[in-house]
Amino acid sequence: MKKIIITGGAGFIGSHVVRRFVKFHPEYQIINLDKLTYAGNLANLKDIENEPNYKFVKGDIVDAQFIDELFGAEKPDAVIHLAAESHVDRSISNPLEFVMTNVVGTVNLLNAARYHWKGRYDETRFYHVSTDEVYGTLGETGMFTEETAYDPHSPYSASKASSDHMVRAYQDTYGMDAVISNCSNNYGSYHFPEKLIPLSIHNIKQNKPIPIYGKGENVRDWLWVEDHARAIDVIFHKAKSGETYNIGGHNEWQNIELIKLLCEIMDQKLGREAGTSAKLITYVTDRAGHDLRYAIDATKLKNELGWTPSITFEEGLEKTVDWYLANEEWLNDVTSGHYQQYYDEQYTDR
Ligand code: NAD
């Protein structure tokens, strides 16, 4: 039986990846390694926590000794690495935390893999999950391909770019088996409500202003999180060592247009008169260094490994709204305590 450590498995995307691997690959033993920061929540995995091929380990990837001991004790065959500080706004307030988790944490994992997998690199795999933000920003045309030069602008994207480079360096220098994927913005269930879509759903429900940065003209490419988890599954199993794949939905939306669509769906779902939720839209001072447009060209993944998104954005957004409306308890739990303090600091002076 193969043993896989999935880091950050209690977070938004990680929980979907853990669920998918536990359910669809009973031949694997899945170890979810997570520090449980504000973004990690074991309630995301309630439905699979008692499965025989699942185990949770609480720990910090920044702690090199702990990671080394974990590799020694568990003897994993693969790592799927998602643990990260992931919110751009938080990286602007506290860049060092992003360097520690995203860069140092990744190098700690690579070191443990390099040491414990020596002599069997061809039987092991280090899969690093990364973001399209490493490529920087686009003008009105063009798309990011796997050949696009890195040009990160925020402390978050710079830390992810650094960790991508370290993974490639370990693959080139030591001959370790490694793959990387760079994905566009995800949306779906279990998304922490500091990010645009869940934050807006939460505020619309409560009749609170929906904060939109600048004029809402920034463009993002959105992908349903379960399609991302499926892409990770495909790449993990089929990609050759050293390969990089871009993952995206071919689904670009200006923030303001996306929020207007969300408002329409919310009006219908909540039985409100059309136009009610849109009145909550409130423009706030733009994020510093806000990238204008991201767009992913996922042709390589489609042509080489046969992956394409399974649902349209309209379908995915409706599913997402339904999930948030049906899971009030989850939303209330994660929006109590520290969340409120963060929210107040982020938005109330604007
Ligand atoms: P998230 O913030 O929801 O979850 C991150 C998880 O990592 C949490 O469970 C947290 O507890 C854990 N974690 C943080 N620091 C840790 C540490 N030091 N040790 C162990 N665990 C720690 O993030 P997400 O949105 O699910 O993103 C997951 C990964 O996917 C990240 O690497 C991110 O860069 C990448 N990514 C995200 C998106 C997106 O749209 N959210 C898009 C592309 C790539």
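These are my notes on a small sheet, the ligand shell and one annotated domain in this structure.

**Before starting.** I'm working from a predicted model, so I keep that in mind for every entry.

**Entry 1, the sheet.** I looked up the strand order first. Three strands make an open sheet, ordered S7-S9-S11, and the pairing is mixed. I then checked which strands sit at the edges: S7 (185-187) and S11 (252-254), each with pairing on one side only. I also pulled the angle between neighbours. On average, neighbouring strands here are turned by 50° against each other, ignoring direction.

**Entry 2, S9 against S11.** Next I went to the pairing of S9, which covers residues 219-224. S9 and S11 run antiparallel and are joined by three bridges. Which residue in S11 stands opposite Arg220? I found Trp253 there.

**Entry 3, the ligand.** I turned to the ligand and asked how many residues surround it. The count is 31, and the closest are Gly8, Gly11, Ala39, Gly40 and Ala84. I wanted to know which elements give two or more residues to this shell. They are helix H1 (12-24), helix H4 (95-116), strand S5 (125-131) and S7. So S7 turns up twice in my notes, as an edge strand of the sheet and as a contributor to the ligand shell. By residue class, I have 13 nonpolar, 13 polar and five charged residues in the shell.

**Entry 4, the record.** Last, I checked UniProt. An unreviewed entry there lists residues 5-320 as "domain: NAD(P)-binding". Over that stretch I noted 40% helix and 18% strand for the chain. The C-alpha atoms at the two ends of residues 5-320 are 28 Å apart.

Key
Residues numbered from 1 in each chain as written. Predicted model: local features only at pLDDT ≥ 70, side-chain atom pairs only at ≥ 80, totals over all residues. Pairing = 2+ DSSP bridges. Helix = DSSP H or I, 4+ residues; strand = E, 2+ residues; numbered from the N terminus. Axes fitted to C-alpha atoms, helices over the stretch in contact; angles between N-to-C directions. Near = placed C-beta within 6 Å. Nonpolar A, V, L, I, M, F, W, Y, C, P; charged D, E, K, R; others polar. UniProt positions renumbered as here; feature names shortened; annotations may be inferred.
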